Amino acid sequence: MSQRAIVTLESVDLIAAEDTRHTLKLLNHLGIETPLTSLHDHNERQKFTNLLKRLQQGKDIALVSDAGTPLISDPGYFLVSNAIAEGISVLPIPGPTAAITALSVSGLATDRFVFLGFLPQKSAARQTLLDSVKNEKGSLIFYLSVHKVHQDLKTIGDCLGWQRQVCLAREMTKKFEQYRHGSLKQIHDAIESGEETNKGEFVLVVAGTSDATGDTVEITLDDLLYELLDHLSVKQSVKAAVALTGLRRNHVYQKAQEIAAKKA
């Protein structure tokens, strides 16, 4: 908590908080008695008119979210955009943001990245979003819902490829802070098996596509297995294909059996 942030919360006329109960704990800890009002996804459109009126009267309002930075997958966009449209000055008080915090320790490219937030609720929209970033060279940053970590990882893996290198960050800056690096498949399997807990707040950083040559060469599983089976046994071919693609062994084995039968 920066000194500037503390001074701001002490000096404004009102604090608009995502959850007043959470913010009140912070204010009590800091000995701040500034009045609070709630501003969240379900009431922002109803309350912004009154808040704008106060701002136009010369009042100062601080906007806070439960964690991270307001508006970054958190409430506040509707109020801020309308305040700017009305010519009201909006100033940021820099603080932690989960997306950047995770990116900094991901071990993946930081010179170019795309923040995608939470995946859309509808499957068609999720697919459209992921298809649009399949060939993005920069790192991809997702927020994962605690209730859908396993499902979201599967959706991302199926679309972007299970071999992608990732960093899964959990409970950053909190007591049970944890970071896990590996392929999408390794992280997915760890969650599925229970080896990795699925509790907490998650950020997933996914490696972008490689631009080492500037060209992209696609090879299907069938083509890969045809080539491997020319030189290796079915068992060896399956092991190699799984390692190269990150696909499930049962799927690769079934495909290898079909191709081996055709080649026989």
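Strands E1 (residues 14–17) and E2 run side by side in the parallel sense, joined over 3 bridges. At one spot along that pairing, Ile-15 sits opposite Leu-36 of E2. Keep in mind that what you're looking at is a predicted model. The chain holds 11 helices and 8 strands, and here's a quick tour of one sheet, two helix pairs and the overall dimensions.

**The sheet**

- E1 and E2 belong to an open sheet of 3 strands, lined up in the order E2-E1-E3 with parallel pairing.
- The edges go to E2 (36–38) and E3 (61–64); each has a single partner strand, so one side of each has no neighbour in the sheet.
- Going from one strand to the next, the twist averages 25°.

**Helices H9 and H10**

- H9 covers residues 221–229 and H10 covers residues 234–245; they pack at an angle of about 140°, with axes 9 Å apart.
- The two helices are therefore oblique to each other, since angles over 145 degrees would be needed to count as roughly antiparallel.
- The crossing of H9 past H10 is right-handed.
- On the H9 side, the contact comes from Leu-221, Leu-224, Leu-225, Leu-228 and Leu-229.
- H10 answers with Val-234, Ser-237, Ala-240, Ala-241, Leu-244 and Thr-245.
- Sorted by class, this H9–H10 contact has 9 nonpolar residues, 2 polar ones and no charged ones.

**Helices H6 and H7**

- H6 spans residues 123–132 and H7 spans residues 149–160; their axes come within 10 Å and cross at roughly 50°.
- That angle makes H6 oblique to H7.
- H6 goes past H7 in a right-handed crossing.
- From H6, the residues involved are Arg-126, Gln-127, Leu-130 and Asp-131.
- They meet Gln-151, Thr-155, Ile-156, Cys-159 and Leu-160 of H7.
- The class breakdown for H6 with H7 is 4 nonpolar, 3 polar and 2 charged residues.

**Overall dimensions**

- Measure for measure along its principal axes, the C-alpha trace spans about 85 × 35 × 30 Å.
- The chain has a radius of gyration of 24 Å, whereas a compact globule of 264 residues would come out near 18 Å.

Key
Residues numbered from 1 in each chain as written. Predicted model: local features only at pLDDT ≥ 70, side-chain atom pairs only at ≥ 80, totals over all residues. Heavy atoms only, no water. Axes fitted to C-alpha atoms, helices over the stretch in contact; angles between N-to-C directions. Helix = DSSP H or I, 4+ residues; strand = E, 2+ residues; numbered from the N terminus. Parallel < 35°, antiparallel > 145°, perpendicular 65-115°, else oblique. Left-handed = near helix turned anticlockwise from the far one by under 90°. Contact = heavy atoms within 4.5 Å. Nonpolar A, V, L, I, M, F, W, Y, C, P; charged D, E, K, R; others polar. Pairing = 2+ DSSP bridges. Rg over C-alpha atoms; globule rule 2.2 N^0.38 Å.
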